[in-house]
Amino acid sequence: MARGTSTLDSAGTPSGKDALNPVWFKPVMFGFMLVGLLWIIVYYLSGTSWPVPQFGAWNIMVGFGIMFIGFLMTTRWR
C-alpha cells in the first residue's frame, strides 16, 4: 500500500502540502475574480472610456488577467 503524504506536527495539525489555507486566502481569491469581472463590466457599460481609457480594448485582457489570478488560486485552495 502507498503511504500518504500527510504528516502531523507535535500539535496534531497537518503540515506541509496538506496544511490548510490561511483565513485571508478565500476572500482574496474570490476578490480577484470579482474585481476582474467588475473591470470588464465597467469597461462595457462606460462605452469603453473607463477604467483606463489609454488601454483601449486591452482593458478586457486586464480584467481577464485579474480573474485568472483568482482562478489560479483555486488550485491551491484546501
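Colleague: Let's start with the first helix of this predicted model: how far does α1 reach from its first C-alpha to its last?
Modeller: α1 has 21 residues, where a helix is a DSSP run of H or I with at least four residues, numbered from the N terminus. The expected span is 1.5 Å times one less than the number of residues, which for α1 comes to 30 Å. The reach in the model is close to that, at 30 Å.

Colleague: Before we go on, what pLDDT do side-chain atom pairs need in order to count?
Modeller: Residues are numbered from 1 along each chain as its sequence is written, and side-chain values use heavy atoms, with hydrogens and water left out. As this is a predicted model, local features need pLDDT of at least 70, totals for chains, interfaces and linings use all residues, and side-chain atom pairs count only at pLDDT 80 or more.

Colleague: Thanks! What pattern does the chain follow along the sequence?
Modeller: There are 2 helices and 2 strands in the chain, a strand being a DSSP run of E with at least two residues. Read along the sequence, they give β-β-α-α.

Colleague: And what share of the chain do buried residues make up?
Modeller: A residue is buried under 20% relative accessible area, exposed over 50% and partly exposed in between, with a 1.4 Å probe and protein chains only. By that rule, the buried part of the 78 residues is 17%.

Colleague: Within what arc do the buried residues of α1 fall?
Modeller: The buried residues of α1 are F25, M29, M33, G36, I40 and Y43. The arc is taken from the directions from the helix axis to the C-beta atoms. Seen down the axis, these residues line one face of the helix, because they fall within an arc of 95 degrees.

Colleague: Which residues are exposed on the other side of α1?
Modeller: An α-helix has 3.6 residues a turn, so residues three or four places apart point the same way. On the side of α1 away from its buried face, the exposed residues are P27, L34, L38 and L45.

Colleague: Which residues make the nonpolar surface patch?
Modeller: Patch residues have over 30% relative accessible area and no salt bridge (a side-chain nitrogen of Lys or Arg within 4 Å of a carboxyl oxygen of Asp or Glu); nonpolar side chains are joined within 5 Å and like charges within 9 Å. Areas come from the Shrake-Rupley method with a 1.4 Å probe, and this patch covers about 510 Å². One member, L37 in helix α1, counts as partly exposed because its relative accessibility is 40%. The patch is made by L34, L37, L38, I41 and L45.

Colleague: Now for α2: within what arc do its buried residues fall?
Modeller: α2 has 17 residues, and its end C-alpha atoms are 25 Å apart, which agrees with the 24 Å that they should span. N59, I60, G63, I66, M67, G70 and M73 are buried in α2. They line one face of the helix, because their arc is within 150 degrees.

Colleague: How far apart are the C-alpha atoms of F64 and I40?
Modeller: F64 is found in helix α2 and is partly exposed because its relative accessibility is 45%. I40 is one of the buried residues of α1. The two are 24 residues apart in sequence, but in space their C-alpha atoms are separated by 7.8 Å.

Colleague: Which peptide bond in the loop is cis?
Modeller: Most residues other than glycine have a negative phi, and most peptide bonds are trans. T48, in the loop between α1 and α2, has a positive phi near 65 degrees. P51 lies in the loop between α1 and α2 too, and the cis bond, with omega near -5 degrees, runs from W50 to P51.

Colleague: Last one: which backbone oxygen does the side chain of N59 reach at 2.9 Å?
Modeller: N59 sits in helix α2 and counts as buried because its relative accessible area is 0%. A polar contact is a pair of N or O atoms within 3.5 Å; within protein, one must be able to donate a hydrogen and the other to accept it, and residues adjacent in sequence count only if both atoms are side-chain atoms. A polar atom of the N59 side chain lies 3.1 Å from the backbone oxygen of G56. The contact at 2.9 Å is with the backbone oxygen of V52.
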